[in-house]
Amino acid sequence: MDNNNSPPDSRALEASLRFLNFKPRTEGELHQKLTKLGFPQEVRDNTCAYLKGRGLIDDERYTEDWILERSEKKRSSRRKIFHELMSKGISREMAEERLNQLYPPDLEVEKAAWVARKLVRNNQGLSNEEMEIRIKNLLFRKGFDGDTIRKVCHQLF
């Protein structure tokens, strides 16, 4: 039942509102939570449609906010952000479209270089060899690919 005008099961709605109260969630995350709580498919679908129709679940807004937060504050790579969005139930198409719009591929080296320069500033006493190893490890953990890491290291050393 996909009618977002009819009120959902009160227990499912209450559980959903508690879940959404802590932080924004995707429709996929809410579906997963309701599944874990044992609600049948029809109740999960109805509850999600109801909340979506009232703007309490908005995967597009969530995706945009996630990309901006992860790319600006965490300085994560496009690849890492993409995988995080997929794990939250965002569609591949939406994730790719929003990433291309908000975090174009040409910014990848710039973001990685910023992370590397910050590491260099905070670790002045290390040799170039030790610093390069730390930079490579950090950028790898943040999800940057080998080509981007090589470009950044070439810029710095």
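The following exchange concerns helix H8 and the largest pocket of a predicted model.

In this predicted model local features need pLDDT of at least 70 and side-chain atom pairs count only at pLDDT 80 or more, while totals for chains, interfaces and linings use all residues. Residues are numbered from 1 along each chain as its sequence is written, and side-chain values use heavy atoms, with hydrogens and water left out.

Trainee: Why are the buried residues of H8 on the same side of the helix?

Mentor: Helices here are DSSP runs (H or I, at least four residues) numbered from the N terminus, and H8 spans residues 128-141. Its buried residues, those under 20% relative accessible area with a 1.4 Å probe on protein chains only, are Met131, Ile135, Leu138 and Leu139. They lie on the same side of H8 because they cover an arc, taken from the directions from the helix axis to the C-beta atoms, of only 95°.

Trainee: Which helices do the buried residues of H8 pack against?

Mentor: The face turned away from the buried side carries Glu129, Phe140 and Arg141, which are exposed, that is, over 50% relative accessible area. The buried residues of H8, by contacts of heavy atoms within 4.5 Å, pack against helix H7 (108-122) and helix H9 (146-156).

Trainee: Which helix gives the most to the lining of the largest pocket?

Mentor: Helix H1 (10-22) and helix H4 (59-72) each supply at least two residues of that lining. The largest contribution, three residues, comes from H4.

Methods
Expected span 1.5 Å × (residues − 1).
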